[in-house]
Amino acid sequence: MTTGSGVLELAGKRALVVGGSSGIGNGIAQLFRAQGAMVRVWGTRASAADYAGDKGSDLSGLDYEQVDVSDPDAIEGAAAFPEGLDILVLAQGAVVYRRKEYDIDTFRRVVDINLVSVMHCCTRFYPAIRERKGSVIVISSIGAYKSVVGNPAYAASKAGVVGLTRTLGDAWAREGVRVNGIAPGMIATKMTAVTTDHPDRLQAALDTISLGRLGLPEDVASTALFLVSPLASYITGQTLVVDGGRSL
């Protein structure tokens, strides 16, 4: 999608993309920047330079801030938006493979990042978003709608943010703030490399996708751009599945 005037233009808008240092979050941040928004991203490393050379990470033109959302104090201590915030994207995510999420401490850690920190970020920035009657986008997963045998914490937390999106979308729309979500399928990022870097696993995954290809961060970013635009002005509390047909 290219820049240009029109209903998808974000010139003058302020956006914060949590988890915007790589993967899906980075794809959203860069598309929003291309559409004219001023974009701040949060990541866990000390500086933007620490992501140099990482596949799926492009921080050019973005305002970077180190914030580890697993730490509530870090969320509270992050820079504010005194003039208001138009767009909040919550793309943070954690997953632990080899059935380690069955360990209760690991389970709590994944849920804290994938669900609790989402709510914390929402409440932290709600006054700024309300000031400009902005939008919130929550990144979930199709794992919210089906069994993920090896990852109970991931599945539960992603189902949780679907419910959270529905509830906040109802509650905050009454004050002019829309909250919507996106549930991606198999997107080519470092989080899915455990599958995509192995030809047999990759082919098995592709066989389940109606469109016959992996999704790209840009596929999710285009949906996010739609959801924050006037084209979606009558949509709130919904989570759109973007999976190439995998969940069918």
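## Strand β1 and the salt bridges

In this predicted model, strand β1 runs parallel to strand β2 (residues 38-43), and 5 bridges join the two. Within that pairing, Val 18 sits opposite Trp 42 of β2. Between β1 and β2 the chain passes through helix α1 (residues 23-34), and this β-α-β crossover is right-handed.

Strand β1 also pairs with strand β4 (residues 87-90), again parallel, through 4 bridges. Here Ala 15 has Ile 87 as its bridge partner.

β1 spans residues 14-18, and 5 of its 5 residues are buried. Arg 14, Leu 16 and Val 18 point one way, while Ala 15 and Val 17 point the other. In a regular strand, side chains alternate between the two faces of the sheet.

The model has 9 salt bridges. Three of them are listed here.

| Pair | Closest N to O |
|---|---|
| Arg 14 – Glu 83 | 2.4 Å |
| Arg 40 – Glu 65 | 3.8 Å |
| Arg 108 – Asp 105 | 3.8 Å |

Arg 14 belongs to β1 and Glu 83 to the loop between α2 (72-77) and β4, so their bridge ties together parts 69 residues apart in sequence. Arg 14 is buried. Glu 83 has 54% relative accessibility, so it counts as exposed.

Arg 40 in β2 and Glu 65 in strand β3 (residues 63-66) are 25 residues apart. Both are buried. Through shared partners, salt bridges join Arg 40, Asp 63 and Glu 65 into one network.

Arg 108 and Asp 105 lie in helix α3 (residues 104-131), 3 residues apart, about one turn of the helix. Arg 108 is partly exposed at 49% relative accessibility. Asp 105 reaches 52% and counts as exposed.

Notes. Residues numbered from 1 in each chain as written. Predicted model: local features only at pLDDT ≥ 70, side-chain atom pairs only at ≥ 80, totals over all residues. Heavy atoms only, no water. Buried < 20%, exposed > 50% of the residue type's maximum accessible area, 1.4 Å probe, protein only. Pairing = 2+ DSSP bridges. Right-handed = clockwise from strand over helix to strand, strands pointing away. Salt bridge = Lys/Arg side-chain N within 4 Å of Asp/Glu carboxyl O.
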